[in-house]
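Biologist: I have a model open and I want to learn how to read it. Can we go feature by feature?

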Amino acid sequence: MVRVKEGSRPPWIGLGAAVWVEIAGGCAYTFPLYSHALKVVLGLNQQQLTMLGVANDVGENFGLLPGVLCNRLAPWIVLLIGGACSFLGFGAVWLAVSGVVSSVPYWLLWIALSIATNSSAWLGTAILVTNMRNFPLSRGTVAGILKGYIGLSAAVYTELYTGILNNSSSKLLLFLTLGTPVICLLMMYFVRPCTPSLEDDEAERGHFVYMQFASVLLGLYLLTSTILDDVFTLKKEVTYTLFGFMVILILAPLAIPIKMTLYPANKKRSNGQLEGSESSESLLADPESEQNILDSDDASFDLDILLAEGEGAVQIKNKKRKPRRGEDFNFKQAIVKADFWLLFWVYFFGVGSGVTVLNNLAQIGIAAGVDDTTVLLSIFSFCNFVGRLGGGGVSEYFVRTRMLPRPYLMTLTQIIMILTYLLFSTGNTSTLYLSTALLGVCYGVQFSVMIPTASELFGLKHFGKILNFMSLGNPLGALLFSGGLAGYIYDLEAGKQNGSGTCLGPECFRVTFWVLSGVCGVGAVLSVVLSVRIKPVYQMLYAGGSFRMPQQGGH
């Protein structure tokens, strides 16, 4: 039994608090900001540094334990564990980079970085699972907004790094050590399960549009301020003012519950209870307690399922059966399904190739002759945000209007990624910024499409475990493509040039980009197969132009 907050305001307060937690949880995206310091201070070669990048990705995406515990622990406990991971892990890395502790073993640094970025998995699981359950009819939009803000986190941290912390890697690591736990402590009370609205509400859609607009405004502001800081030498007063304005933009989503307080709507929630009361009840409907009278509506709904799945006649509630796609699967039931593995491999090829470029972005820029690689990171971060926000919103539009399966968007973006990697392989500085921007958008789309797709196919009841297993595609891709391929080829080419450990020219990553192009080609083909397979499910779920909560089978 989970304590549930009643009323229309609490979900929006929780979503506003989630924005701060998601930005804090983007600590894994800061690796390019301090990776060069790690390499210099600890005397690492590129392959060793790349393997630390793999540790960064393993920690960020290894969320099976948070996925299991999110159904058993309150969200605030999950957030507290995430804050503790950040404190311990980044604290150890800070001790090494700042020189407080000398001669830190490489293996210990690898483990510490994995623990540090594992905070992202704890924070992201608590935030996504809680908010998608609070807004079950707007899963794509919610996933896009939350993943969009975590995509912006790299630009937020870049602004902090260059403007406030004076490009100091040790100061950044100290901030991550202390700042993330503080944000978790401040926000954990507000991120809580609430009674979900099961009605399509015009005001709710307007609130989501406002949040999307606020996030776009923040992204444009971050991109503009980063470019200004790169082109001009800004005074400290101006820098602090710009940073303060950024904080105000991050606070913008809280205007929704404030507006709802000042101008309350004169209506009750769909469950007939007034706002502000609390009840102790299960967050998700218990299938055994659902009414099972086969009136005309229920019969029509079951026929929709029948047409979509082609799995026999309407079942009586008391006769247990396996869940159909669109209903609640447990992890064991989901993992044996072909659709589960198709979605996993499509996601693996998309994010695994993209994270390889992200982990090596500083070295890619240096090899191409770029002096300030933080601009590349800011461009990637902003476009990653655009992809995450746009992927959620665009896919939501097409599933509601055309009943088009979301993975078709993964097909389109992975085709664009093929062309992008070929552009990268030329090593041309003039196309480097364009390639980085295109890759950022396409990389972001993979996240915001995979998340709601998994929830629509396999339900929300065990969503935490299913989501975090899917997320393993990211570190596996980093291990294979970044650690095993990119780092090896880079060191090989650097040894041919001067033996200094620094490689210059297009040869440093050319073969890597060719391989990544082929990988995305395979991903695009698999995503077409997945989309064709699950099209009947979307026709059933969105037949009326909005998401229809399916009946649950006994399982």
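Modeller: Start with Met-403. This is a predicted model. Met-403 sits in the loop between α16 (374–401) and α17 (407–425).

Biologist: What is the phi of Met-403 near?

Modeller: Phi there is near 55 degrees, a positive value in a residue other than glycine. Met-403 is partly exposed, with a relative accessible area of 25%.

Biologist: Where is Asn-166 found?

Modeller: Look in the loop between α7 (139–164) and α8 (169–187). Asn-166 has a positive phi of about 55 degrees, and it is not a glycine. Its relative accessible area is 44%, so it counts as partly exposed.

Biologist: Now salt bridges. How do I read one?

Modeller: Look for a side-chain nitrogen of Lys or Arg within 4 Å of a carboxyl oxygen of Asp or Glu. By this rule the count comes to five salt bridges. Take Asp-339 and Arg-533, whose side chains meet at 2.6 Å, N to O. This pair links distant parts of the chain: Asp-339 is in helix α14 (residues 338–359) and Arg-533 is in helix α21 (residues 510–541), 194 residues apart.

Biologist: Is Asp-339 buried or exposed?

Modeller: Buried, because its relative accessibility is 3% and the cut-off for buried is under 20%. Arg-533 is partly exposed at 39%.

Biologist: Which residue forms a salt bridge with Glu-456?

Modeller: Arg-406, with the closest N and O atoms 2.6 Å apart. Again distant parts of the chain are linked: Glu-456 lies in helix α18 (residues 429–458), Arg-406 in the loop between α16 and α17, 50 residues apart. Glu-456 is buried, at 1% relative accessible area. Arg-406 is buried too, at 1%. Both belong to a network of salt bridges that also links Glu-396 and Arg-400.

Biologist: What separates Glu-493 and Lys-496?

Modeller: About one helical turn, because they are three residues apart in helix α20 (residues 473–497). Their side chains meet in a salt bridge at 3.7 Å, N to O. Glu-493 counts as buried at 16%, whereas Lys-496 counts as exposed at 59%.

Biologist: Last topic, the surface. Which residues form the nonpolar patch?

Modeller: Phe-87, Leu-88, Trp-107, Leu-108, Ile-111, Ile-115, Leu-174 and Leu-178, with about 750 Å² of accessible area together. Three elements give two or more residues each: α5 (75–98), α6 (106–134) and α8.

Biologist: Which element gives the most?

Modeller: Helix α6, with four residues. For a single member, pick Leu-88 in helix α5. Leu-88 has a relative accessible area of 57%, so it is exposed.

Key
Residues are numbered from 1 along each chain as its sequence is written. This is a predicted model: local features need pLDDT of at least 70, side-chain atom pairs count only at pLDDT 80 or more; totals for chains, interfaces and linings use all residues. Side-chain values use heavy atoms; hydrogens and water are left out. Buried means under 20% relative accessible area, exposed over 50%, partly exposed in between (1.4 Å probe, protein chains only). Patches are made of residues with over 30% relative accessible area and no salt bridge: like charges are joined within 9 Å, nonpolar side chains (Val, Leu, Ile, Met, Phe, Trp, Tyr) within 5 Å. Accessible areas come from the Shrake-Rupley method with a 1.4 Å probe; for residues, only the protein chains shown count as cover.
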